[in-house]
Amino acid sequence: MNITFEQGHSSDIDELEILYNDLNDFLAGGKNYPGWIKGIYPVRETAVDGISEKCLYVARHNGRIVGSVILRHKPEPIYHKAKWQIDAEYKDVFVIYTLVVHPAYFGQGIGMALMKFILTYSEERMAKAVRLDVYAGNMPAINLYKKCGFQYIDTVDLGLEHYGLKWFELYEKVI
């Protein structure tokens with residue numbers, strides 16, 4: 001499958017909102033591994049913020065957005081308490097947020113392609129590491145991250161228990 005990657009633009013917001021809604025509808029109808037909720041996360045504002053911060057990237061196939069990711073240098077507050085593999089300032093670390101694949105493209109390698117893009121992008125920008133958090137029950141994502149060489153760091157509470165999401169695992173890949 002031919003996939004291209006580019007920085008998201010304001011003209012992508014409507015399509016990203018549809019992707020988020022389609023994904024959340026799909027997750028609500030079966031096993032919701034990430035614990036996302038339509039109207040809560042991810043939502044249109046997620047895309048608006050990522051694009052305005054110039055940190056949202058889209059994966060396209062035949063002109064259609066089939067996946068997306070937000071890469072920031074800004075960690076969740078709990079990250080500062082973790083014992084990471086390396087000590088680095090966040091200007092030298094990318095944090096993965098909102099890694100999504102449209103459900104019509106599940107099982108077609110889009111998630112792995114996004115991960116390869118993230119790691120290549122990070123290497124090209126001389127990042128020292130890539131970090132992320134993932135809901136502890138999200139085994140498909142955890143398996144993908146491990147396959148890409150990410151190492152488990154810790155299990156933490158991100159304060160999302162009111163959504164039924166108590167524990168999140170932190171992972172890091174040193175570049």
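## Exercises on a predicted model

A search of the whole structure finds zero disulfides. The model is a predicted one, and the exercises below treat its backbone, rings, pocket and distances.

### Exercise 1. Cysteines

Determine whether C55 and C148 are buried or exposed, and state the disulfide count.

*Solution.* Step 1: the cut-off for a buried residue is a relative accessible area under 20%. Step 2: C55 has a relative accessible area of 5% and is therefore buried. Step 3: C148 stands at 10% relative accessibility, so C148 is buried as well. Step 4: a disulfide requires two cysteine sulfur atoms within 2.5 Å, and the search over the whole structure returns zero such bonds.

### Exercise 2. Backbone exceptions

Locate the cis peptide bond between Y41 and P42, and describe the positive phi angles of N62 and T98.

*Solution.* Step 1: most peptide bonds are trans, and most residues other than glycine have a negative phi. Step 2: the bond from Y41 to P42 is cis, its omega being near -15°. P42 belongs to the loop that runs between helix 1 (13–28) and helix 2 (44–52).

Step 3: N62 is not a glycine, yet its phi is positive, at about 50°. N62 is placed in the loop between strand 2 (56–61) and strand 3 (64–72). The relative accessible area of N62 is 73%; because the cut-off for exposed is over 50%, N62 is classed as exposed.

Step 4: T98, also not a glycine, has a positive phi of about 50°. T98 lies in strand 4 (residues 93–101). With 6% relative accessibility, T98 is buried.

### Exercise 3. The largest pocket

Characterise the largest pocket by its volume, its lining residues and their chemical classes.

*Solution.* Step 1: rolling a probe the size of a water molecule over the atoms shows where empty space is left. Step 2: the space in the largest pocket comes to about 1,400 Å³. Step 3: its lining consists of 49 residues, and those nearest the centre are P34, W36, T98, L99 and N138. T98, treated above for its positive phi, is thus met again in this lining. Step 4: strand 4 supplies six residues, the largest share of the lining. Step 5: by class, the lining holds 32 nonpolar, nine polar and eight charged residues.

### Exercise 4. Aromatic rings

State how many aromatic pairs the structure contains, and classify the pairs Y79 with W84 and Y145 with F150.

*Solution.* Step 1: a pair of aromatic rings is described by the distance of the centres and the angle of the planes. Step 2: the whole structure yields eleven aromatic pairs. Step 3: for Y79 and W84 the centre-to-centre distance is 5.4 Å and the planes make an angle of 50°, which gives a tilted pair. Both Y79 and W84 are buried. Step 4: for Y145 and F150 the centres lie 6.0 Å apart and the planes stand at 55°, so this pair is also tilted. Both Y145 and F150 are buried. Step 5: ring pairs join F5, Y57, F94, F117 and Y121 into a cluster.

### Exercise 5. Arginine over rings

Identify the ring faces over which R72 and R125 lie, and give the distances to the ring centres.

*Solution.* Step 1: R72 is positioned over the face of Y97, 5.2 Å from the ring centre. Step 2: R125 is positioned over the face of Y121, 3.5 Å from the ring centre. Step 3: Y121 is also a member of the ring cluster that includes F5 and Y57.

### Exercise 6. Sequence and spatial separation

For the pairs V101 with S68, E161 with N62 and E17 with E45, set the separation along the chain beside the C-alpha distance.

*Solution.* Step 1: V101 is in strand 4 and, at a relative accessible area of 13%, is buried. V101 and S68 are 33 residues apart along the chain, with 6.7 Å between their C-alpha atoms.

Step 2: E161 occupies the loop between strand 6 (151–160) and strand 7 (165–174). Its relative accessible area of 48% makes E161 partly exposed. E161 and N62 are 99 residues apart along the chain, and their C-alpha atoms are separated by 39 Å.

Step 3: E17 is part of helix 1 and is partly exposed, at 27% relative accessible area. E17 and E45 are 28 residues apart in sequence, while their C-alpha atoms are 8.5 Å apart in space.

Key. Residues numbered from 1 in each chain as written. Predicted model: local features only at pLDDT ≥ 70, side-chain atom pairs only at ≥ 80, totals over all residues. Heavy atoms only, no water. Helix = DSSP H or I, 4+ residues; strand = E, 2+ residues; numbered from the N terminus. Buried < 20%, exposed > 50% of the residue type's maximum accessible area, 1.4 Å probe, protein only. 1 Å grid on protein atoms, 1.4 Å probe; cavity = no way out; pocket = protein on both sides within 12 Å on 5 of 7 lines; lining within 4 Å. Points joined across faces, edges and corners; volume = space filled by probe spheres on them. Nonpolar A, V, L, I, M, F, W, Y, C, P; charged D, E, K, R; others polar. Phe/Tyr/Trp six-rings, centres within 6.5 Å; stacked < 30°, edge-to-face > 60°. Lys NZ or Arg CZ within 6 Å of the ring centre and 35° of its normal.
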